[in-house]
Amino acid sequence: MDFVILEIIRCLQKLDHVNEYWVFVAPGEDVCLEQTPNFHIVVLGSGFYPLWEQVLLPAAVRRVKADVLHCTSNTAPLFPGVPLVVTLHDVICLEKENGSSKSLYQKMGRIYSRFVVPKVMRICRKVVTVSHYEKERILEKLNLPSEMVKVVHNGFGEEFNIRASSSSRDYILFLGATAPKKNTRGTLQAYGLYVDKSRRKLPLKIADLSREHVKEYLAEIGRQDLNDRIICTGYVPHSELPALYGGASAFLYTSFRESFGIPQLEAMGCGTPVVVSDKSALPEVAGPGAVYADPYEPESIALKLLKLEEDESFRAAAVEYGLERVKEFSWEKSATLMLSIYESFK
């Protein structure tokens with residue numbers, strides 16, 4: 001969520017030289033934004049996030065006499081003191097989980113969001129979300145008027161392009177996570193079925209998931225034999241992601257639930273075929289020509305992997321389609337729509 005608003009702010013800095021912006025950020029060594037004449041970057045407090053959002057942020061908004069406050073990551077102050085816009089990326093916190101998260105941080109964030117989101121929705125003026133699929137979920141869960149919820153699709157970076165591709169294509173890529181919605185367990189099951197039938201038996205490279213968690217999942221599904229075929233990269237800096245996508249034979253984006261799905265666009269832009277889930281918002285973004293699989297059926301995922309590996313014409317069509325599809329999305333489009341929402345308050 002932070003990444004999305006960072007990209008939009010950078011584009012707004014190029015588009016809008018009239019309105020004045022105050023961007024409140026938490027302290028840290030990772031400085032992501034530079035000030036421009038009408039964009040002021042303010043480091044605001046530290047510590048416990050609910051305290052930052054509910055106390056420090058409203059006080060800072062009052063000091064700068066803002067006309068509108070945009071909170072960009074699902075939650076917001078319960079007493080903002082000014083007209084409020086909230087980007088609600090999803091309402092997953094209000095839905096039943098497909099299992100329990102292994103992360104305490106994720107569990108605590110879910111509790112906070114379940115408490116705050118319904119209350120904030122009663123006081124905000126506009127709700128921004130990232131797909132038409134998610135808009136329908138929001139209207140269903142929170143009983144809001146349709147005209148209050150605006151869709152602003154995400155974009156993806158220009159660095160994710162065919163120049164990042166590699167001729168080797170010697171691994172399958174998956175962005176792992178402990179959140180149940182990411183379907184890590186089922187995806188590992190699918191990889192096992194692929195290994196059982198493939199002549200190439202490419203290794204599976206997993207980013208953002210520890211070796212310990214991988215071993216736990218493999219033990220759960222009884223496939224410890226896959227341990228030596230799995231490469232855990234750990235955290236991958238954003239600057240290294242294009243090469244990671246570009247070196248993959250295929251990218252697995254097999255989540256149960258996504259509100260948009262930026263990684264599938266990043267992989268497509270690098271000329272990497274994507275096996276994508278046919279659930280939630282993913283088809284809205286991937287479009288009619290994508291390579292779909294049922295995330296609840298590991299056999300479905302494995303079959304699509306095998307077809308991409310064995311059928312050259314099928315693979316070439318998937319690559320060509322992906323390169324065309326990504327042209328429909330950009331951060332400039334996202335920022336232009338966001339600016340129109342801000343200016344509706346004038």
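Cavities and salt bridges in a predicted model

A: The largest cavity has a volume of about 70 Å³.
Q: What counts as a cavity here, and how is a volume defined?
A: On a 1 Å grid over the protein atoms alone, a cavity is a set of points where a 1.4 Å probe fits but cannot get out; lining residues have an atom within 4 Å of a point. Points are joined across faces, edges and corners, and the volume is the space filled by probe spheres set on them.
Q: Any caveats on the model?
A: This is a predicted model, where local features need pLDDT of at least 70 and side-chain atom pairs count only at pLDDT 80 or more, while totals for chains, interfaces and linings use all residues. Residues are numbered from 1 along each chain as its sequence is written, and side-chain values use heavy atoms, with hydrogens and water left out.
Q: How many cavities of 30 Å³ or more are there?
A: Three, from a search of the whole structure.
Q: Which helix gives the most to the lining of the largest cavity?
A: Helix H11 (residues 312-325), with four residues. Helices here are DSSP runs of H or I, at least four residues, and strands are runs of E, at least two, numbered from the N terminus. The full lining is Met268, Thr272, Pro273, Val274, Gly289, Ala290, Val291, Ala318, Val319, Tyr321 and Gly322.
Q: How does that lining divide by residue type?
A: Eight nonpolar, three polar and no charged. Ala, Val, Leu, Ile, Met, Phe, Trp, Tyr, Cys and Pro count as nonpolar, Asp, Glu, Lys and Arg as charged, and the others, Gly among them, as polar.
Q: And the second largest cavity, what space lies in it?
A: About 60 Å³. Of its 13 lining residues, Val4, Ile8, Thr87, His89 and Met338 are the closest to its centre.
Q: Switching topic, how many salt bridges are there?
A: The whole structure has 14, each a side-chain nitrogen of Lys or Arg within 4 Å of a carboxyl oxygen of Asp or Glu.
Q: Which salt bridge does Lys182 form?
A: Lys182 pairs with Glu258, the closest N and O atoms being 2.7 Å apart. That pair links distant parts of the chain, 76 residues apart: Lys182 is in the loop between S7 and H5, Glu258 in the loop between S10 and H8.
Q: Is Glu258 buried or exposed?
A: Buried, at 5% relative accessibility; buried means under 20% relative accessible area, exposed over 50%, partly exposed in between (1.4 Å probe, protein chains only). Lys182 is buried as well, at 19%.

Terms used. On a 1 Å grid over the protein atoms alone, a cavity is a set of points where a 1.4 Å probe fits but cannot get out, and a pocket is an open set with protein on both sides within 12 Å along at least five of seven lines; lining residues have an atom within 4 Å of a point.
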